[in-house]
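This report introduces selected local features of one protein structure to a reader who has not met it before. The sequence and the structure are shown first.

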Amino acid sequence: MKGILAQTRSYERSVQLLMVNQFTINLGFYMLMPYLAAHLSGALGLAGWMVGLVLGVRNFSQQGMFLVGGTLADRLGYKPVIVAGCVLRTAGFATLGLVDSLPALVAASAATGLAGALFNPAVRAYLTADAGERRVEAFALFNVFYQAGILLGPLVGMVLTGVDFRATCLVAAGVFALLSVVQIRALPARRAENGERRPGAGPEGVLAQWRAILANRPFLLFSVAMIGSYVLSFQVYLALPLEVRRLGGADEAGTAGVAILFAVSGLSTILGQTRVTAWCKARYEPGQALARGLAVMGAAFVPLLVAAAAPVPGPGVSRWLLAVVPPALAALLLALGTMIAYPFEMDTLVRLAGDRLVATHYGLYNTICGIGITLGNLLTGAVLDAARSAGLSALPWISLSALGLACATAVHGLHRTGRLTAPRPQPRPATT
C-alpha cells in the first residue's frame, strides 16, 4: 500500500486528484446501487417490472449518452463536465432517497445514469492528457483506486442501509456534493488541445467529428474485439454468484461465498495491479499484453469446467467448498486478466484516436461495450437456463472460455496486422 501511495504522489496534482475522484465516485455509487432494488421492491412495494424499469433507465441513460458526454468534454473542457456529472449525481441520489412515486424515481435514475455518461469519458481523457508518457502506469493506478471504491462501497452501504435506506441515499449524495466542491476548488481547468479544429480548417461540427470517428476502422474493430472482455469480467456479478448459490444455497453460507468472490476480485487488483503492469510492460508490446490478458480471462472458467465434471457431494463443508473454491479461482483469474489488459486497453484507445478527441472516442467505446455487455448477459443468462434444463452444467463455462479465446485471437490478429498502431497525429501550424 505504501508503494501505491508513493507512486500516486509521483504524479502531478491533477492526476492525484483524479485517482481520489474515481475512488470516491465508486464509493458513493456502490454504497447505494446494490441495495436499490431491495428498497424499491420492499419498502416501496413496487412491482417487479417497475423495479426493472427504474434500474434499466439508469443503465440506458448512461450507456446511451456516453458519446454525448465525451463530445461535451472535448468541446467544453474536462473540468466543467466532470463537475456537472458529480452535481447531477448528487441530485439524483438525494432524490432516490426522498421520493416514492414512479415518475420521480425514473427521473432520478435517469439523472444518475447521465451523470456517469458525463464524468466517465472526461476523467479518462483528463488522466490521459496529464499522465503523458506514463499513462499506462497511470491507468494501472487508476484501476487500483477504482477497485478500492467498489470493494469499500457496499460495506459502507450495508451499515447505512441497516439503519435506513434514506440515510444511504443522503450520505451517497453528500459524498458527491463534497466531491463537486473539491473539484471546483482544486481541479485545474483542462481542455482538449485538438478537439475543436483541424489544421487549416474552421470549427468542426459535432456530426463531422462523429463521422470521422465512425470512419476510424481500426478503432471500431478494436472496440468490437474488446466487448468480450467486459462480458467476461461482468460474470463476477452474474454467472459466478449464481453458481455459488446453486451449490451453496441462498442462506448465509451462500451469501458468504458470494462475498468471497467480490473480496478476491477487489483485493487481488488492489495488491497486484501495479506489479502486473510493470512486469507486462517490460516484456510485451501493448497488443501482446492485451491478447494475453483476454486469454487469461477465457481460462478463468476452466476451474468451473473441471468442477462440473466432479460429483456433487451432500450438504456440508465439502459441498460448500465445491460451491466457493472454483468460482473464487475464476474471479481471481478474471481479475488477473483484467490487470494485464486494462492499462494497455486504455493506452491503445488513445493511440487509435491519434491523440485527438480522446473523450469522444472513450464515450463511443463505452457505448459499444455497454451494448455488448447487455446482449452478452442476455445470452449468458439464456445459456445458464438451458444448461440447467438439459443437465449440461459445463455448457456455460465452455461458452465463456470460447468467448475469451475468440477475443484474444481477434486482438492478436489486429496487433499482427498493425491495426493497433495508429499513425502519429499531424503537427499543427504554429499560431501567433
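Apart from neighbours within four places in sequence, Val 383 is in contact with Leu 395, Pro 396 and Ser 399. The model in which these contacts occur is a predicted one. Val 383 belongs to helix H17, and with a relative accessibility of 26% the residue counts as partly exposed. This value lies in the class of partly exposed residues because buried means under 20% and exposed means over 50%. Between the C-alpha atoms of Val 383 and Gly 293 the separation is 24 Å, and these two residues are 90 residues apart along the chain.

**The loop before H17**

Helix H16 (317-352) and helix H17 (358-390) are joined by a loop, in which Asp 355 is placed. Leu 357 is also found in the loop between H16 and H17. The table sets out the backbone angle and the accessibility of each of these loop residues.

| Residue | Phi | Relative accessibility |
|---|---|---|
| Asp 355 | near 60° | 35%, partly exposed |
| Leu 357 | about 55° | 1%, buried |

Asp 355 has a positive phi although the residue is not a glycine, and a positive phi in a residue other than glycine is found at Leu 357 too. As regards accessibility, Asp 355 is partly exposed, whereas Leu 357 is buried.

**Helix H4**

Helix H4 covers residues 48-76 and has 29 residues. From its first C-alpha to its last, H4 reaches 40 Å, close to the 42 Å expected at 1.5 Å a residue. At Phe 66, H4 bends by about 50°. Gly 77 stands just after H4 and takes a positive phi of about 110°.

**The pairing of H12 and H16**

Two packed helices are described by the distance between their axes and by the angle between those axes. For helix H12 (residues 239-248) and H16, the axes come within 8 Å and cross at roughly 170°. H12 is therefore roughly antiparallel to H16, since angles over 145 degrees count as such.

The H12 side of the contact consists of Leu 240, Glu 243, Val 244, Arg 246, Leu 247 and Gly 248. On the H16 side, the residues met are Arg 319, Leu 322, Ala 323, Val 324, Pro 327, Ala 330, Ala 331 and Leu 334. By class, the residues of this contact of H12 with H16 divide into 10 nonpolar, 1 polar and 3 charged.

Key. Residues are numbered from 1 along each chain as its sequence is written. This is a predicted model: local features need pLDDT of at least 70, side-chain atom pairs count only at pLDDT 80 or more; totals for chains, interfaces and linings use all residues. Side-chain values use heavy atoms; hydrogens and water are left out. Helices (H or I, at least four residues) and strands (E, at least two) are DSSP runs, numbered from the N terminus. Buried means under 20% relative accessible area, exposed over 50%, partly exposed in between (1.4 Å probe, protein chains only). The expected span of a helix is 1.5 Å times one less than its number of residues. The bend at a residue is the angle between axes fitted to the seven residues ending there and the seven starting there. Contact means heavy atoms within 4.5 Å. Axes are lines fitted to C-alpha atoms, for helices over the stretch in contact, and angles run from 0 to 180 degrees between N-to-C directions. Angles under 35 degrees count as roughly parallel, over 145 as roughly antiparallel, 65 to 115 as roughly perpendicular and the rest as oblique. Ala, Val, Leu, Ile, Met, Phe, Trp, Tyr, Cys and Pro count as nonpolar, Asp, Glu, Lys and Arg as charged, and the others, Gly among them, as polar.
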